[in-house]
Amino acid sequence: MASAPQEALVNADAAPAPPVVEFTWQSPDGLTLSGREWPAAKVAPQSATPPVPVLCLPGLSRNTRDFNEIAHFLQCCGHRVIALDYRGRGKSDWDPDWRNYALTVEDKDIDAAIAKLNLDRFAVLGTSRGGLHALAMGLRYPASRMAAVILNDIGPHIEMRAIHRISATLGHHMKNDSHEEIAAKLEHTLGYQFPGFDKADWLRLAHQLASEKDGHVVMDYDPALAHQLASLDDSTPTPDLWPLYEKLTDRPVLVLRGEHSDLLSPDTCRRMMESHPNAALKTVPGQGHAPVLWDGETHKTISEFLKSV
């Protein structure tokens with residue numbers, strides 16, 4: 001039977017969580033980019049080392065709201081948590097040149113944020129595209145800086161059928177009459193991957209993806225982002241990202257895979273576990289690409305993983 005997301009588990013004895021802080025930083029080419037920070041709550045120390053800060057990187061067209069629940073949970077556990085909006089997403093400036101919506105450009109934006117935030121040692125939680133950034137960051141940040149990586153439904157091999165599915169909807173239906181309209185579209189296109197979701201879950205997801213602007217509910221990304229995938233077809237070679245994954249074998253990795261994911265296959269996960277001496281896999285039941293990080297069991301898995309860092 002399909003399972004719905006469980007409620008998050010927050011320690012009732014935890015200190016009150018400090019308010020979320022919104023911040024901006026400048027990209028190397030002058031755009032104003034946006035992020036959110038969940039300052040660490042004061043908790044009784046359980047080890048000599050304070051909980052590692054966590055940098056959250058969202059998916060291709062997603063934004064910092066995707067991390068609200070997991071960030072609040074980790075904040076209450078004593079972690080400083082930061083999430084970034086890439087250029088053209090969330091509250092960040094749109095780029096007038098869509099060709100700059102590229103991993104290699106966004107890498108520099110992320111590095112600028114890390115410098116502004118004075119992140120010395122941190123873990124990365126990357127969903128989909130955010131996980132691709134985490135793989136690339138292994139070349140720039142040694143284990144002494146980027147101490148651990150959590151890959152949310154992403155790995156060194158990507159199933160192209162999932163990219164085609166995403167490409168077919170990216171940049172379409174940007175303006176809607178209500179969040180309910182978006183929720184119905186999400187259920188129609190993704191219901192088979194999230195069979196346990198009810199109407200309230202789809203509406204909750206719609207509120208993460210879109211916001212009210214000028215009397216409409218608009219998806220929170222630049223539709224020009226779709227150009228990045230428009231040229232892909234079945235003849236496009238799948239990039240070989242295994243060398244990047246091998247660079248992470250000197251630090252712990254947690255892989256989250258949605259049970260019904262069409263982007264991260266069980267075979268890829270199996271190879272990831274076999275080729276990494278300190279990797280762990282958590283399958284999120286009843287969910288597809290990408291797990292929404294709402295449920296208490298996933299929160300507990302992430303928290304326990306970070307305690308070992």
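**Exercise 1. Decide whether F194 is buried or exposed in this predicted model, and describe the ring that pairs with F194.**

Step 1. The relative accessible area of F194 is 3%, and a residue counts as buried when this value is under 20%, so F194 is buried.

Step 2. The partner ring belongs to W202, and the two rings meet edge-to-face, with 6.1 Å from centre to centre and 80° between their planes. W202 has a relative accessibility of 2%, and therefore counts as buried too.

Step 3. Looking further around this pair, one finds that ring pairs join F194, F197, W202 and W294 into a cluster. W294 also has a charged neighbour, since the charged end of R204 sits over its ring at 4.1 Å from the centre.

**Exercise 2. Find how many aromatic pairs the whole structure contains, and describe the one formed by F23 and W25.**

Step 1. A search of the whole structure gives seven aromatic pairs.

Step 2. In the pair of F23 and W25 the ring centres are 6.0 Å apart and the planes make an angle of 35°, which is a tilted arrangement. Both F23 and W25 are buried.

**Exercise 3. Work out which residues of helix α9 are buried, where they lie around the axis, and what they pack against.**

Step 1. Helix α9 spans residues 266-275, and its residues T268, C269 and M272 are buried.

Step 2. These residues cover an arc of only 100° around the axis, and they therefore lie on the same side of α9. On the face turned away from that buried side stand the exposed residues D267 and E274.

Step 3. The buried residues of α9 pack against β6 (146-152), α8 (242-246), β10 (253-258) and β11 (279-284).

Step 4. A separate arrangement of charge and ring involves R271, whose charged end sits over the ring of W242 at 3.8 Å from the centre.

**Exercise 4. Locate S61, and establish which residues S61 is in contact with beyond its neighbours within four places in sequence.**

Step 1. S61 is placed in the loop that runs between β3 (54-57) and α1 (68-76). Its relative accessibility is 18%, so S61 counts as buried.

Step 2. Once the neighbours within four places in sequence are set aside, S61 is in contact with R89, L170, D220, Y221 and L225. The C-alpha atoms of S61 and D222 are separated by 8.3 Å, although these positions lie 161 residues apart along the chain.

Step 3. One of these contacts, D220, has a salt bridge of its own, in which its side chain meets that of K213 at 3.3 Å, N to O. D220 is buried, with a relative accessible area of 5%, whereas K213 is partly exposed at 37%.

**Exercise 5. Find how many salt bridges the structure holds, and explain what the pairs of D109 with R87 and of R140 with D107 connect.**

Step 1. The structure holds 22 salt bridges. In the one between D109 and R87, the closest N and O atoms are 2.7 Å apart.

Step 2. D109 belongs to helix α2 (residues 103-116) and R87 to the loop between β4 (81-84) and α2, and this pair links distant parts of the chain, 22 residues apart. Both D109 and R87 are buried.

Step 3. R140 and D107 meet in a salt bridge of 3.5 Å, N to O. Because R140 lies in the loop between α3 (129-137) and β6, while D107 lies in helix α2, the pair ties together parts that are 33 residues apart in sequence. R140 is partly exposed at 31%, whereas D107 is buried at 12%.

Step 4. Finally, a network of salt bridges links D29, R87, D95 and D109.

Terms used. Residues numbered from 1 in each chain as written. Predicted model: local features only at pLDDT ≥ 70, side-chain atom pairs only at ≥ 80, totals over all residues. Heavy atoms only, no water. Phe/Tyr/Trp six-rings, centres within 6.5 Å; stacked < 30°, edge-to-face > 60°. Buried < 20%, exposed > 50% of the residue type's maximum accessible area, 1.4 Å probe, protein only. Lys NZ or Arg CZ within 6 Å of the ring centre and 35° of its normal. Helix = DSSP H or I, 4+ residues; strand = E, 2+ residues; numbered from the N terminus. Arc of directions from axis to C-beta. Contact = heavy atoms within 4.5 Å. Salt bridge = Lys/Arg side-chain N within 4 Å of Asp/Glu carboxyl O.
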